[in-house]
Amino acid sequence: MSVDTATVKKVASLARIAIDDAAAERLVPELNNILGWIEQLGEVDTSAVQPMTAVIPNTLRLRDDVVNDGDMRDAVLANAPAGEHGFFTVPKVIE
Amino acid sequence: MSDITDLGVAALRDGIRSGAFSAREVADAFIVRVSQARQLNAFIVETPEHALAAAKEADTARAAGETLKPLAGVPIGMKDLFCTKGVQTTAASHMLEGFKPEYESTVSQKLWDAGAGMLGKLNLDQFAMGSSNETSYFGNVISPWRRKDGGNAALAPGGSSGGSSSAISARLCPAATGTDTGGSIRQPAAFTGISGIKPTYGRCSRWGVVAFASSLDQAGPMARDVRDCAIMLEAMAGFDAKDATSLKLDVPKWEDGLNPDLRGKKIGIPKEYRVDGMPSEIEVLWQQGIDWLKDAGAEIVEVSLPHTKYALPAYYIIAPAEASSNLARYDGVRYGQRDLPEGANLQEMYAATRAAGFGPEVQRRILIGTYVLSAGFYDAYYTQAQKVRTLIAQDFEKAWAQCDLLLTPTAPSAAFALGEKSADPLAMYLNDVFTVPSSLAGIPAMSVPGGLDAGGLPLGLQIIGKPLDEQGVLNAGLAIEQRAGFTARPEQWW
């Protein structure tokens with residue numbers, strides 16, 4: 001599989017990273033180089049295996065359904081680029 | 001005492017305990033050395049006050065006749081991927097420049113609880129993505145090693161834990177934390193002639209470690225010898241309820257269990273690790289390692305790990321895919337940099353913030369990851385890579401029927417010059433060829449220095465073990481260390 005400029009721009013949009021046309025064009029051969037290399041995985045017969053979802057077999061622990069954390073609003077907001085009245089602020093979303 | 005900085009973790013710990021020197025003397029000596037080595041760019045932030053506070057606590061405790069903590073008064077470096085409360089944590093990225101966590105990572109907290117002090121936050125490849133420490137927003141780290149051809153080409157310290165490897169080999173700290181996702185502890189250790197171990201996945205908590213690829217990331221120690229790695233790993237490891245993948249197991253006494261007698265052990269030599277174009281010096285070192293392990297009493301067997309060559313491409317699908325998910329959190333809303341162009345809406349804020357905050361390699365990997373996870377490609381790429389991952393893990397499981405440990409080179413070359421490979425991402429990725437398979441399988445692996453190449457640069461040997469057999473890995477590492485007699489050190493040019 002290979003990408004073209006339009007695909008690169010679409011992927012960048014999905015990843016929410018702004019790239020201009022020049023950057024998108026530069027990325028095409030870079031990404032195609034890498035994608036061409038990873039193509040070789042298609043050679044492997046994987047019909048008999050499941051995808052690996054757990055690296056080391058483990059069970060997902062459960063805990064009691066009680067509140068044992070939180071109540072630290074100021075710490076949570078301490079690194080906010082912009083905040084007001086105990087909220088994170090962002091550009092207006094509602095049209 | 002200028003030779004205090006030549007001492008390793010065990011010697012410093014024991015010397016402070018016995019009163020041979022004070023923790024204050026130790027902290028002072030390393031603080032001075034750190035301040036004189038800024039040319040290496042190993043540290044992003046220096047924190048002498050933290051090291052001095054730990055030293056004071058150790059000296060006070062000793063004067064009061066108390067039992068000292070396991071690492072009382074030992075100053076270390078902390079890779080700038082671990083959140084340290086109140087101290088800038090950047091992941092070497094502009095995105096987190098100025099970010100001061102409101103909490104401490106589990107692994108760093110365990111080290112402070114053990115009495116260690118922090119000399120500073122160590123530079124690394126940005127978001128742990130890289131093999132040469134050339135992707136940091138805060139500039140390249142320079143290896144203290146130079147080729148003996150008389151030239152002064154700046155060499156790569158390896159990556160992503162390049163600040164850690166550079167600092168330890170330059171004697172700026174006796175040990176440091178690293179993280180290893182595809183080789184980022186082991187390869188820099190090999191490049192700089194030090195030791196480093198990536199434990200079994202789940203041994204060390206990932207809570208508070210800036211996430212790159214969650215199914216691969218593992219914290220681990222880097223130090224100048226195997227004993228020091230064992231001491232550090234004991235302090236760093238352990239169950240953490242805040243990490244869902246943390247193993248609920250007691251931490252073994254790895255230091256006490258060190259035993260370089262390998263009689264009864266079988267060491268597998270995987271034939272697929274003999275790659276085309278591998279420098280003959282690496283072949284020679286590998287054979288040397290085999291001879292050393294035989295001398296230690298081990299039996300050598302040739303084994304096959306048939307899917308080895310697919311490990312790197314599988315990794316470069318899985319790791320970027322997980323990275324694209326993990327780095328989605330950097331959106332300029334709650335922490336980190338925000339870029340808000342005039343009149344921008346929320347989506348434009350995200351896009352501008354992320355374009356400005358992430359370096360080129362990080363962006364490249366996020367884009368690859370996004371692409372392989374996107375609709376229409378998910379099965380062909382990501383699912384296929386996950387299946388290949390199962391096959392790679394099965395290769396190791398089958399090998400354990402014939403051997404207890406594996407011996408391989410750590411890296412396909414000695415350290416290269418900065419700039420030599422940065423033009424081609426693919427050439428850079430090939431550095432990880434020997435380290436990635438054990439990362440994908442989640443099994444423990446360590447690099448120990450084996451010797452020098454013709455250019456006078458360190459070469460490392462890698463020992464890979466069964467899940468949870470860090471002791472076996474450390475023991476084989478110690479057997480090699482005792483026979484390799486590696487005493488080479490970089491000549492100070494800074």
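## A tour of pockets, cavities and backbone turns

By class, 15 nonpolar, four polar and eight charged residues make up the lining of the largest pocket. That is our first stop in this predicted model. To find the pocket, select C83(B), F99(B), Y103(B), W207(B) and Y335(B), which lie nearest its centre among the 27 lining residues. The space in this pocket comes to about 820 Å³.

**Into the cavities**

Next, turn to the enclosed spaces. Rolling a probe the size of a water molecule over the atoms shows where empty space is left. Searching the whole structure gives four cavities of 30 Å³ or more, and we will visit two of them.

Start with the largest cavity, whose volume is about 60 Å³. Select A128(B), M129(B), G130(B) and S131(B), then add G182(B), G183(B) and S184(B); these are among the residues that line the largest cavity. Complete the selection with F212(B), Y315(B), Y316(B), R365(B) and D432(B), which also belong to the lining of the largest cavity. Colour your selection by class and you should find five nonpolar, five polar and two charged residues.

Now move to the second largest cavity, which holds about 40 Å³ of space. Which residues line the second largest cavity? From chain A, pick V3(A), V8(A), V11(A), L31(A) and L35(A), and from chain B, pick L367(B), I368(B) and Y371(B). The class colouring here gives eight nonpolar, no polar and no charged residues. Switch to a cartoon view to see the elements behind this lining: helix 1 (5-14) and helix 2 (21-38) of chain A, with helix 11 (360-373) of chain B, each supply at least two of its residues. Helix 11 of chain B gives the largest share, three residues.

**Along chain A**

Stay with chain A and select R16(A), in the loop between helix 1 and helix 2. Check its backbone: phi of R16(A) is near 50°, a positive value in a residue other than glycine. Is R16(A) buried, partly exposed or exposed? R16(A) counts as partly exposed because its relative accessibility is 33%.

Further along the chain, select V90(A), V93(A) and I94(A) and show the surface. Together these residues form a nonpolar surface patch with about 290 Å² of accessible area. Zoom in on V93(A), which sits in the segment after strand 2 (87-88) of chain A. V93(A) has 51% relative accessibility, so it counts as exposed; the cut-off for that class is over 50%.

**Along chain B**

Cross to chain B and pick A92(B), in the loop between strand 2 (75-79) and helix 4 (106-113). A92(B) is not a glycine, yet its phi is positive, at about 55°. Its relative accessibility is 0%, so A92(B) counts as buried.

Next, show the backbone from G159(B) to S160(B). The peptide bond joining these residues is cis, with omega near 10°. S160(B) lies in the loop between strand 3 (117-122) and helix 5 (162-169) of chain B.

For the last stop, select R206(B), in the loop between strand 5 (195-198) and strand 6 (218-223) of chain B. R206(B) has a relative accessible area of 18% and is therefore buried, since buried means under 20%. Finally, draw a distance from the C-alpha of R206(B) to that of D250(B): the two are 17 Å apart in space and 44 residues apart in sequence.

Methods. Residues are numbered from 1 along each chain as its sequence is written. Chains are lettered from A and ligands numbered from 1 in the order in which they are written. This is a predicted model: local features need pLDDT of at least 70, side-chain atom pairs count only at pLDDT 80 or more; totals for chains, interfaces and linings use all residues. Side-chain values use heavy atoms; hydrogens and water are left out. Patches are made of residues with over 30% relative accessible area and no salt bridge: like charges are joined within 9 Å, nonpolar side chains (Val, Leu, Ile, Met, Phe, Trp, Tyr) within 5 Å. Accessible areas come from the Shrake-Rupley method with a 1.4 Å probe; for residues, only the protein chains shown count as cover. A salt bridge is a side-chain nitrogen of Lys or Arg within 4 Å of a carboxyl oxygen of Asp or Glu. Helices (H or I, at least four residues) and strands (E, at least two) are DSSP runs, numbered from the N terminus. Buried means under 20% relative accessible area, exposed over 50%, partly exposed in between (1.4 Å probe, protein chains only). On a 1 Å grid over the protein atoms alone, a cavity is a set of points where a 1.4 Å probe fits but cannot get out, and a pocket is an open set with protein on both sides within 12 Å along at least five of seven lines; lining residues have an atom within 4 Å of a point. Grid points are joined across faces, edges and corners, and a volume is the space filled by probe spheres set on the points. Ala, Val, Leu, Ile, Met, Phe, Trp, Tyr, Cys and Pro count as nonpolar, Asp, Glu, Lys and Arg as charged, and the others, Gly among them, as polar.
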